[in-house]
Amino acid sequence: MGFIFENGYFSANRKNCRQVHWIHARKENVPSKGIVFAPPLIGAGFSMEISNLRKLMRHGYELFSFNYTGHGRSSEKFRLKATLQDTAHALDYLLYRCAGKPVFGIASCYSAIPLIHAAHHRKEPLEKLILINALFRLDFKAVMRSFISYCRENACCSPLSAGTIKIVFFQYMAFLFPGIDMNRNFFGSLLRQRTHLAGTMWDALFTDPLNGVCLQNTPVLGLYGKQDRVLKIFDKHIGEKYENQVLDKCPQTR
């Protein structure tokens with residue numbers, strides 16, 4: 001028995017017909033236990049989610065993912081605000097496409113933000129949700145503090161030049177995201193020319209996607225590693241403070 005893959009496009013914005021590329025995968029001739037909705041990471045495509053979660057298909061779960069705007073064959077330029085719209089419309093499309101089947105959610109790192117945002121604004125349609133090292137806020141100041149600390153700990157004692165700062169910046173990014181290929185022209189699969197840089201910076205500085213958002217009724221399993229480098233930017237000593245962030249947005253979490 002093999003795997004069955006279907007893919008296509010849905011419109012994520014009626015005004016300009018932004019097209020988002022999706023994929024739906026399942027194990028052939030295996031009774032379905034439901035569908036796992038898995039938004040991707042920034043800089044990655046839906047193929048990574050399908051690969052990471054492939055074992056679930058052997059146990060009867062179908063997988064559904066998509067590419068954010070600016071990624072892969074999804075159209076237009078990437079910005080953080082678009083990830084919220086893409087995820088909400090992807091969830092709408094999945095619920096319409098697979099009406100009657102239970103839908104579960106799984107997300108890690110940043111992808112937890114658009115998933116929780118979408119689930120809240122769509123009246124909590126998910127049966128259950130798994131969050132892995134999830135982020136719950138964007139904090140540009142925290143990232144800058146982290147970068148400055150990294151510079152102090154890893155740069156030479158001489159004054160930093162513009163060229164040195166650029167080198168240290170890419171070392172810092174490689175430290176945070178090991179295994180992700182990047183340079184000044186791309187971050188993983190996300191190309192610079194397909195990124196709305198000003199819009200992305202604006203969103204990072206002034207957008208609070210989960211303000212007023214709370215999943216009151218959705219059962220959630222929260223998993224996190226205390227040594228996670230990205231989480232430590234927002235909570236230096238991962239523990240009770242981080243757990244309170246999770247419970248604030250997802251009170252039915254264990």
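Modeller: Let's settle the classes up front: Ala, Val, Leu, Ile, Met, Phe, Trp, Tyr, Cys and Pro count as nonpolar, Asp, Glu, Lys and Arg as charged, and the others, Gly among them, as polar. Keep in mind, too, that this is a predicted model.

Biologist: Okay, how do the residues lining the second largest pocket divide into nonpolar, polar and charged?

Modeller: The lining of that pocket is made up of 14 residues. Lys232 and Lys236 are among those nearest its centre, and Lys counts as charged. Across the lining of the second largest pocket, the split is six nonpolar, three polar and five charged.

Biologist: Which element gives the most to that pocket's lining?

Modeller: The second largest pocket has a volume of about 420 Å³. Its lining takes two or more residues from each of α5 (140-154), α6 (162-176) and α8 (229-234). With seven residues, the one giving the most is α5.

Biologist: And which residues lie nearest the centre of the second largest pocket?

Modeller: Two of them, Ser146 and Ser149, fall within the 140-154 range of α5. Another two, Lys232 and Ile233, fall within the 229-234 range of α8. Add Lys236 and you have the full set: Ser146, Ser149, Lys232, Ile233 and Lys236.

Biologist: Moving to cavities, what space lies in the largest cavity?

Modeller: The structure holds one cavity of 30 Å³ or more. The space in the largest cavity comes to about 50 Å³.

Biologist: Which elements give two or more residues to the lining of that cavity?

Modeller: The lining residues are Ala134, Leu135, Phe136, Arg137, Leu231, Phe234, Ile238, Tyr242 and Gln245. By class, that lining has seven nonpolar, one polar and one charged. The elements giving two or more residues to the largest cavity are α8 and α9 (240-249).

Biologist: Now the helices: at roughly what angle do the axes of α3 and α4 cross?

Modeller: Helix α3 covers residues 80-97 and helix α4 covers residues 112-121, and their axes come within 8 Å. The angle makes α3 oblique to α4, and the crossing is right-handed. The axes cross at roughly 50 degrees.

Biologist: How do the residues of that α3 contact with α4 divide by class?

Modeller: From α3 come Thr83, Leu84, Thr87, Ala88 and Leu91. From α4 come Ile113, Pro114, Leu115, His117, Ala118 and Ala119. The contact of α3 with α4 divides into eight nonpolar, three polar and no charged.

Note on methods. Residues are numbered from 1 along each chain as its sequence is written. This is a predicted model: local features need pLDDT of at least 70, side-chain atom pairs count only at pLDDT 80 or more; totals for chains, interfaces and linings use all residues. Side-chain values use heavy atoms; hydrogens and water are left out. On a 1 Å grid over the protein atoms alone, a cavity is a set of points where a 1.4 Å probe fits but cannot get out, and a pocket is an open set with protein on both sides within 12 Å along at least five of seven lines; lining residues have an atom within 4 Å of a point. Grid points are joined across faces, edges and corners, and a volume is the space filled by probe spheres set on the points. Helices (H or I, at least four residues) and strands (E, at least two) are DSSP runs, numbered from the N terminus. Axes are lines fitted to C-alpha atoms, for helices over the stretch in contact, and angles run from 0 to 180 degrees between N-to-C directions. Angles under 35 degrees count as roughly parallel, over 145 as roughly antiparallel, 65 to 115 as roughly perpendicular and the rest as oblique. A crossing is left-handed if the near helix is turned anticlockwise from the far one by less than a right angle, and right-handed if clockwise. Contact means heavy atoms within 4.5 Å.
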